[in-house]
Amino acid sequence: MTSHVTQTDRVTVETGNLRELITRARFVLFDFDGPICRLFAGHAAEDIAESFVEWLEIRGLSGVLTDEERKYEDPQALLRVVDLRHPGSDLVTEMEERLTTEEIKAAATAMPTPFADPLIRTWTAVGCRLAVTTNNSARMVHEYLANRELLSCFAPHIYGRTRNLGLLKPDPHCLNRALRAMGAAPSEALMIGDSPADVEAARQAGVPFLGYARNEGKSNTLRNAGADTVVDSLWPLLEILKGAGRSADLTG
């Protein structure tokens, strides 16, 4: 009985927190892969990582990676490793361009996150300004959003990976760029992300954070990283926005 009450109390508190986060935000910063879509739904990230390892071996650079690093399934993690050992090199530039090319391929078969498209359009319709703050390629994000007819909801505020890989999240660089460009105070903004790096970047930027996790494991990871409010669906956000819009109509 006690555990049931505790769980119910937590849900009640989180629901209240969620409503406050949504209704207070005038600027929303979306991470891309996760909250907006599953980028690698049809073009597996682990296959890209494997191709990077093979590419380095062909170039005679297999020694750049340790045996453990060769098993990485995240191509961004491999890119960061190479950048740490050869910062600012032509090798890193070429590898980053290869990753951008693979991300653009992946965008063609990416799976939209359920309710993401209507949520983005609704948030825009009620006057909120939106930005993408991501470790992915901004070129790829532009293409994906254009294909979904969502680009006008964000442009020009799409802030992605730069050649300075040290500025990737958890560094708050892309969040701070968005805030400055939109003239937004951190307290007026909300970041929606799905990784511990997102949690930390939002914390450093002073921006309230909402976690999106499509399964319990990811939810626990976000909570352990410090996320106070986590949702497993974007549907409640859409319902809160619709309710706020109806209230405004009634009082207007």
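Start at the largest pocket of this predicted model: select Asp33, Phe40, Asp74, Asp194 and Lys218, which of its 33 lining residues lie nearest the centre. The space inside comes to about 840 Å³.

**The pocket lining**

Colour the lining by residue class. Nonpolar residues number 13, charged residues also 13, and polar residues seven.

Next, show the elements that contribute to the wall. Strand E2 (37-38), helix H2 (45-58), helix H3 (75-85), H9 and H10 each provide at least two lining residues. Which of the elements gives the most to this lining? Select H3: its share is four residues.

**The sheet**

Hide the pocket and display the strands. Six of them make an open sheet with parallel pairing, and the order to follow across it is E5-E4-E1-E6-E7-E8. At the two edges are strand E5 (158-159) and E8, each of which has a pairing partner on one side only.

Now move to strand E1, residues 27-30, which runs parallel to E6 and is joined to it by four bridges. To find the register here, select Val28 and look across to Leu190 in E6, which stands opposite.

**From E6 to E7**

Continue to strand E6, residues 189-193. Its pairing with E7 is parallel and extends over three bridges. Gly193 is a useful place to click: opposite this residue is Gly211 in E7. To trace the connection, follow the chain from E6 through helix H9 (residues 196-205) into E7; the β-α-β crossover is right-handed. H9 has already appeared on this tour, as one of the elements that supply the pocket lining.

**Strand E7**

Select residues 209-212, which make up E7. Are the faces of this strand covered or open? Both are covered: Phe209 and Gly211 are buried on one side, and Leu210 and Tyr212 are buried on the other.

Keep Gly211 selected. Besides standing opposite Gly193 in E6, Gly211 has Val230 as its bridge partner in E8.

**From E7 to E8**

Finish at strand E8, residues 230-231, which runs parallel to E7 and is joined to it by two bridges. Between these strands comes helix H10, residues 216-224, and the three elements form a right-handed β-α-β unit. Like H9, H10 supplies at least two residues to the lining of the largest pocket.

To return to the starting point, select Lys218 again, one of the residues nearest the pocket centre. With E8 still displayed, the tour ends at an edge strand of the sheet.

Notes: Residues numbered from 1 in each chain as written. Predicted model: local features only at pLDDT ≥ 70, side-chain atom pairs only at ≥ 80, totals over all residues. Heavy atoms only, no water. Buried < 20%, exposed > 50% of the residue type's maximum accessible area, 1.4 Å probe, protein only. Pairing = 2+ DSSP bridges. Right-handed = clockwise from strand over helix to strand, strands pointing away. 1 Å grid on protein atoms, 1.4 Å probe; cavity = no way out; pocket = protein on both sides within 12 Å on 5 of 7 lines; lining within 4 Å. Points joined across faces, edges and corners; volume = space filled by probe spheres on them. Nonpolar A, V, L, I, M, F, W, Y, C, P; charged D, E, K, R; others polar.
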